[in-house]
Amino acid sequence: MERTLIILKPDAFNTRKVGTTIDRFEQAGLQIVACKMIQLSDALLREHYAHIADKPFFPDVAGFMASRPVIVMVLKGKGVINRVRNLLGPTDSATAPAGTIRGDWGSDKMTNIAHASDSPEAATAEIKRFFKDDEVLA
C-alpha cells in the first residue's frame, strides 16, 4: 500500500471546505493513517518549498501558507498518489475541471485547497518532514 502527504491549505479553511475535502478522499476509499493541525514555521516552509525558495514569488507562498494553521495528513491506499492527484485536479485551479476538488473550490495555483505529494519519493520525504514515525498509525 502506498502513502501520500496532504496539506489542507488556508483557503480550505477560509472557504469551509476542510470536511468535504476529507470526505472526498474517504469516499474514494482512501484511509487516513495520520492527521494533525499545525502552524507552519518559516523553517518548515523553507524546507518544504526548497525548490521555489529562491523565486521572487516565494514570500507570497510562505505568507499564505503561514496565514493560519493547516491540516497535514497521510493517506494510504493502492495507487494513492495518482488517485489523490486525480481527485484534486491540476495544480492551477483555473484549469482544473469541474468535479475535481481544485476545479470545484480552488482559485488559482496557490489557493488550490490542498498540497499532495507528486511521487513516492516525495511522499516519503514529506511524510518524514511532518510526522514522527510513531504518529503514522498504519
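**Notebook: the sheet and His 115**

I started with the sheet, which is open and has 4 strands in the order β2-β3-β1-β4, paired antiparallel. Next I looked up its edges: these are β2 (31-38) and β4 (114-116), and each of them pairs on one side only. I also checked the twist, and neighbouring strands here are turned against each other by 20° on average, with direction ignored. Note to self: this is a predicted model.

Then I went through one pair of strands. I found β1 (residues 2-8) and β3 (residues 70-77) running antiparallel to each other, with 7 bridges between them. For a landmark I picked Thr 4, which sits opposite Leu 75 in β3.

What packs on the sheet? I got helix α5 (residues 80-88), which touches β1, β3 and β4. I noted its direction against that of β1 as well: about 35°.

Last entry, on His 115. I placed this residue in strand β4, which is one of the edge strands. Is His 115 buried or exposed? I read 16% relative accessibility for His 115, and the cut-off for buried is under 20%, so it counts as buried.

Which residues does His 115 touch, leaving out those up to four places away in sequence? My list has Leu 5, Ile 6, Ile 7, Lys 9, His 48, Arg 102 and Glu 126. I followed up on Glu 126: its side chain and that of His 115 are joined by a polar contact of 3.1 Å.

Conventions: Residues are numbered from 1 along each chain as its sequence is written. This is a predicted model: local features need pLDDT of at least 70, side-chain atom pairs count only at pLDDT 80 or more; totals for chains, interfaces and linings use all residues. Side-chain values use heavy atoms; hydrogens and water are left out. Two strands pair if DSSP finds at least two bridges between them. Helices (H or I, at least four residues) and strands (E, at least two) are DSSP runs, numbered from the N terminus. Axes are lines fitted to C-alpha atoms, for helices over the stretch in contact, and angles run from 0 to 180 degrees between N-to-C directions. Contact means heavy atoms within 4.5 Å. Buried means under 20% relative accessible area, exposed over 50%, partly exposed in between (1.4 Å probe, protein chains only). A polar contact is a pair of N or O atoms within 3.5 Å; within protein, one must be able to donate a hydrogen and the other to accept it, and residues adjacent in sequence count only if both atoms are side-chain atoms.
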